[in-house]
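Please lead me through this structure in running paragraphs, for a reader who has not met it before.

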Amino acid sequence: MIVRLKFCRRILLTSAGLFVAVALVVAAGVIPPVKADIFSSATPQRAVVAFWGNVAFNLLAAAVLVFIALRARGRSRLSTTVLGLLAFLALLLALALTDAAFAFQAHGPAMQTVRILLFICSVTDFLSAALVTTAVFLFPKKT
């Protein structure tokens with residue numbers, strides 16, 4: 001049981017690290033070029049606000065995962081529910097980043113790097129969702 005608990009904690013901390021990495025990449029690699037986007041039908045003000053929201057949700061998810069990883073002694077209804085909601089949130093964040101990446105496809109070669117970064121961040125959020133879901137099922141029952 002101790003091994004499974006430590007393993008689940010490592011999974012949750014790894015997922016939290018991935019969430020933080022996505023937040024940093026979006027904040028440093030995506031938002032500045034989006035602010036400077038000169039495409040004719042671009043709305044950089046609205047896009048930047050949406051990306052900052054994505055950064056905030058990624059950081060919030062990472063903080064909750066770290067808290068659960070450090071404090072949980074086993075699987076309870078509350079931890080299972082919270083981790084399930086975080087996995088669902090990660091899927092929504094990944095879908096939002098994928099949608100944004102496809103939207104920037106029409107903005108020309110100037111936004112190619114942004115598209116690639118958004119696809120990488122989307123895959124990372126999908127991976128985080130998979131890791132959190134795995135941790136939910138592997139977490140030992142609370143004794």
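Helices here are runs of at least four residues that DSSP assigns as H or I, and they are numbered from the N terminus. With that in mind, and remembering that this is a predicted model, a reader can begin at Arg-75, which is found in the loop between helix 2 and helix 3. Arg-75 counts as partly exposed because its relative accessibility is 25%, and partly exposed is the class between under 20% and over 50%. In sequence Arg-75 and Phe-137 are 62 residues apart, while in space their C-alpha atoms are 9.0 Å apart.

From the loop, the path leads on to helix 3, whose 27 residues reach 39 Å from the first C-alpha to the last, close to the 39 Å expected at 1.5 Å a residue. The buried residues of helix 3 include Leu-83, Leu-86, Ala-87, Ala-90, Leu-93, Ala-94 and Leu-97. An α-helix has 3.6 residues a turn, so residues three or four places apart point the same way.

Ser-79, another of the buried residues of helix 3, also belongs to the second largest pocket, where Arg-71, Ala-72, Ser-76, Leu-78 and Ser-79 lie nearest the centre among eleven lining residues. Helix 2 (44-71) and helix 3 (77-103) are the elements that give two or more residues to this lining. The lining residues divide into five nonpolar, three polar and three charged, and the volume of the pocket is about 190 Å³.

Two cysteines complete the picture. Cys-8 counts as buried because its relative accessibility is 0%, and Cys-121 is likewise buried, since its relative accessible area is 2%. The structure holds zero disulfides.

Note on methods:
Residues are numbered from 1 along each chain as its sequence is written. This is a predicted model: local features need pLDDT of at least 70, side-chain atom pairs count only at pLDDT 80 or more; totals for chains, interfaces and linings use all residues. Side-chain values use heavy atoms; hydrogens and water are left out. On a 1 Å grid over the protein atoms alone, a cavity is a set of points where a 1.4 Å probe fits but cannot get out, and a pocket is an open set with protein on both sides within 12 Å along at least five of seven lines; lining residues have an atom within 4 Å of a point. Grid points are joined across faces, edges and corners, and a volume is the space filled by probe spheres set on the points. Ala, Val, Leu, Ile, Met, Phe, Trp, Tyr, Cys and Pro count as nonpolar, Asp, Glu, Lys and Arg as charged, and the others, Gly among them, as polar. The expected span of a helix is 1.5 Å times one less than its number of residues. Buried means under 20% relative accessible area, exposed over 50%, partly exposed in between (1.4 Å probe, protein chains only). A disulfide is a pair of cysteine sulfur atoms within 2.5 Å.
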